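This report describes selected strand pairings, a helix contact and the enclosed space of one protein model. Please consult the sequence and the coordinates alongside the text.

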Amino acid sequence: EQFCSDLNSFKRLLYLCRNMMRTIGQTSTPVVLFLDDIQWAEFDSLALFQYLANDDLLKNVLLIGSYQDYAIDRDHPLSVMLEEIDDDKLTLLRLDNLEEDQINMMLSNVMQTEPPLTEALAKIIHKRTKGNCLYVEQFLELVQEHDYLRYSFKSTHWEWNLHKIKTETKPVRSVVDCIVARTQNLPDNPQLVLRTAACFGTTFDIRFVAGVLGQDLNNEEGSHMENSVKSNESPGSVKSNEGPKCFNMSVFENRDIQSTINGLIDLGFFKHCEGTTYRFIHDTVQEAAYALVPPGNERDELHWNIGNFVKRHIQADPTLEDSTIFAAAVDQLNRGSMCMTNERESIELARLNLKAGMKAKEKLAFFLAADYAKAGIMFLERGQRWTTHRELTMELCLLAAETALCCDDESECMHVTKEIIHNSTSIIEQVPAYQIRMRMMGQRGRYSRAVKEGLKVMEDLGERFPRTATPSMMLGSLLKTNKRDVRELSGHDLLNLPRMSDDIKLCAMKILAHTVFFAVRAPDEPTKLFVPLLYYRMFIISLASGLCPESVLAFGGYAVVVGTMLGDHVEAFRFGNLAQQLQHKLNATKYMARATILEFGYTQHLKMPVKISLDPLKEAFKVAMAHGGNEDAMLSASFYCVHWLYAGMPLGPLAQQLHDFLELMHEYTKNTTYRKMAPVAQFIDNLMGRSVEPLVLIGDVMNEQDMMLELNTGENPSALRPMFIARCELAYWFREFAVADHFLLELQKLKEDLGSKSSLSYRREVFVEGLTHLAVARSARRAQHLRSARKCTKVLEHYVDIGAVDCIDMLKILEAETMSLKRLTDSDDVLHAYEEAIKAAEKTGSLQNIGLANELAGMYLLRIGDNETAQSLLMQAHDAYIDWNAYGKVNHMAEMHPQLSSVDTH
């Protein structure tokens, strides 16, 4: 079960297919993907083709598609797709109808006859078929079977009766007309085989066709049949090396199914796939053959008999339930359901549809699964189904609701869930329907409405929440009251709490998990304020009623809440670690990504080097993508990139990964995460010298003016924080301290998100804020800036005291900068402070802080007149920035210090 829609599973499948094509499409092994007759392709295939065609990173892959223009109109899915694909991404071959001279050229070449001799024949064929390729082929087969066109072994030339063709044939309006005309001369036996095979669809198994017709193909006969097909021999045909093949109708005198199938292959109706599997040469040929079955009772009875025959075959061999044969049996029974004679058969068929629907859903065939669910419900008597077959009705309705969700059919989803809720006898029965409704709202981006729905259900479950009070204010007193009791519980005690058995509480935990998921993503502040209260309620329920998979979120959420709202980072670290342990203990794979985010994104870096979090966060991304948790995947990716950035590792590899992640975020329409990460990506590009204006977030990733206009009109002004933070830090890096100070003032006007003070980004923000205040104070000597810088230093001191090793170098850099501002401080003491900062940065391995510490020390030495030592330190800073791939910063240093070399960023 996922909070996001299983529609994400299909998007994930597209993502995996694209990655596969990117992998195999190499310079040494280019790939050509050709789709013929794409006008007949179903929606999923067109979606994949469009997805690949719009991939800018898909190299060495040539996409070609051919389609027949007559078969599509403006509203056809293919027409819509063509409007959304750039012409240079896809090579399209539009197959128009043949002109008369083209038909004549084809006849001349095939018959090895001079073009003037075939002109009259070509003219009548074009008149009958309008040049449709398939119609031409079928018309030629028709006149050949009527002996109006034949190869003469006596004259060794093709001969035709033009008069007969003109007078005895009619214009071809469809393939159905051709097939009907061609089968009129066939004996009853092949006609019966055609009709029976057509009932199975475009592909069929000869064993089932034989069985339905009362014949039996044992293994020996089946093997003989396969060998016969492979050798291209059949009774009544002439081998290809003896001249053009002429069909002999005497083949159908033998009523053996194998001979009949081979004869129909020679006539161009079927082709052999593998083993005992065959298919019609074209979908329209199958449709035409099916049209031969008279509609009404005869057609219904044929489907009913086929379905029951295949069902008996499956009952004899249960392993076939996992094959497509099972779905074929259910399809046949559904189409022949008018032949049902009693309620027992209706109930049995409803159960079969439920099973087929579940199997289709597992294979991501959501539209097919939805059809099975609707059919199953239809076979249950409407007025009695909730009283006489309650359990079966509930299962079918839940399947119908889930598949409607996956198909993004909001109307059907809400209709079915409303029926479930109305007919449920308890709130426990209603909870699965409410979960689906909330997911539907979330899928449509109505996060706040989903939260309201969740709070309403929680009240029915006995868990009341305030309606008008500010949840965060209430939460503070609750935490202070219960904190002491919680701290006395050891990790062993917490992990060995009993398993939750109260059904009401289990349902409450599921709804709470859904509600907090959407509350975190809600755009409005009043809804976001419920997040800490929801996490805390989950935690309290777990302590009181025992553990369940959702307790993993409860422990992780509690860690973030105590760290953010009470500043108790020791408890935050402990519960972040306990959440991971609990996830492994309960094998709660579906919450693995969320637990990793809560632990490594918010708590573990409080005591451990941030680099340690990179592998777990990347693994969380992979697991979430594999299990359909695309929201969690994108959040894992964002933490991974931010931690890489602030670990001071090279920017080049990060920039490429971040651009790939942003592409995914855009594809999965995770706008909240995308808007947070786009400024980070552009910030990196600016540092790398990829932007004309290094202080402005305008480039390949984003345009800050457009994003500000969009966000200013939204419900959540705090969404501007990532952009202002990036602008502030860029201004500091490029020594525009007044600009940096301006954005600090703008940031103070915006509210912080829950968990921000427990995130690594917060510590970096405090560091840059302190540096900016000190830089402004150096030029303006404003006391308030010094006081603000001192506050920032105290924040970092607190983090260092609790064990945040990645804060040591930042703290020492701030302390050295502060000392450099004090007039009475001895220069040797200041230099010693800078040396300590450089050593601390080298110990953590942060390239950006190594460069920064050396640069600031060099700038100090320039101010006191020690130019020689300053040049050495500035050169070390220059080299560190090159290793960091911050070429924009390197060039900025070269402009300030001409003795340093610049780097070509183009």
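Which residue in β8 is the bridge partner of Thr203? The partner is Arg279, and the pair belongs to a ladder of 3 bridges that joins β6 to β8 in the antiparallel sense. The model is a predicted one, and every value reported here is computed from it.

**The antiparallel sheet**

β6, β8 and β7 make up an open sheet of 3 strands, in the order β6-β8-β7, with antiparallel pairing. β6 (203–205) and β7 stand at its edges with a single partner strand each, so one side of each has no neighbour in the sheet. From one strand to the next, the twist averages 35°.

On the other side of the ladder with β6, β8 also pairs with β7 in the order given above. Strand β7 covers residues 270–274 and strand β8 residues 277–280, and 4 bridges connect them in the antiparallel sense. Glu274 has Thr277 in β8 as its bridge partner. The two strands form a hairpin with 2 residues between them, and Gly275 in the turn has a positive phi of about 60°.

A further hairpin is formed by β4 and β5, with 4 residues between the strands. Here Thr156 takes a positive phi near 55°. Tyr151 is matched with Trp158 in β5 as its bridge partner.

The strand pairs for which a bridge count is available are collected below.

| Strand pair | Sense | Bridges |
|---|---|---|
| β2 and β3 | parallel | 5 |
| β4 and β5 | antiparallel | 4 |
| β6 and β8 | antiparallel | 3 |
| β7 and β8 | antiparallel | 4 |

**The parallel sheet**

In the order β1-β2-β3, 3 strands form an open sheet with parallel pairing. Its edge strands are β1 (31–35) and β3 (91–95), each of which pairs on one side only. Neighbouring strands are turned against each other by 15° on average, direction ignored. Strand β2 spans residues 61–68 and is joined to β3 by 5 bridges; Gln68 stands opposite Leu95 in β3. Helix α2 (residues 43–53) lies across β1 and β2 and runs at about 140° to β2.

**The contact of α32 with α38**

Helix α32 comprises residues 630–646 and helix α38 residues 760–780. Their axes come within 10 Å and cross at roughly 35°, and the crossing is left-handed. On the α32 side, the contact involves Val642, His643 and Tyr646, which meet Leu760, Ser761 and Arg764 in α38. By class, these contact residues divide into 3 nonpolar, 2 polar and 1 charged.

**Internal cavities**

How many cavities of 30 Å³ or more are counted in the model? The count comes to 3, and the largest cavity holds about 80 Å³ of space. Its lining includes Tyr646, Leu760 and Arg764, residues that also take part in the contact of α32 with α38. Ala647, Arg763, Asp806, Asp809, Met810, Thr844, Ser846 and Asn849 line the largest cavity as well.

Which helix gives the most to the lining of the largest cavity? α38 does, with 3 residues. Both α38 and α40 (808–821) supply at least two residues each. The lining of the largest cavity has 4 nonpolar, 3 polar and 4 charged residues. Among the charged positions are Arg763, Arg764, Asp806 and Asp809.

Key
Residues numbered from 1 in each chain as written. Predicted model: local features only at pLDDT ≥ 70, side-chain atom pairs only at ≥ 80, totals over all residues. Heavy atoms only, no water. Pairing = 2+ DSSP bridges. Axes fitted to C-alpha atoms, helices over the stretch in contact; angles between N-to-C directions. Left-handed = near helix turned anticlockwise from the far one by under 90°. Contact = heavy atoms within 4.5 Å. 1 Å grid on protein atoms, 1.4 Å probe; cavity = no way out; pocket = protein on both sides within 12 Å on 5 of 7 lines; lining within 4 Å. Points joined across faces, edges and corners; volume = space filled by probe spheres on them.
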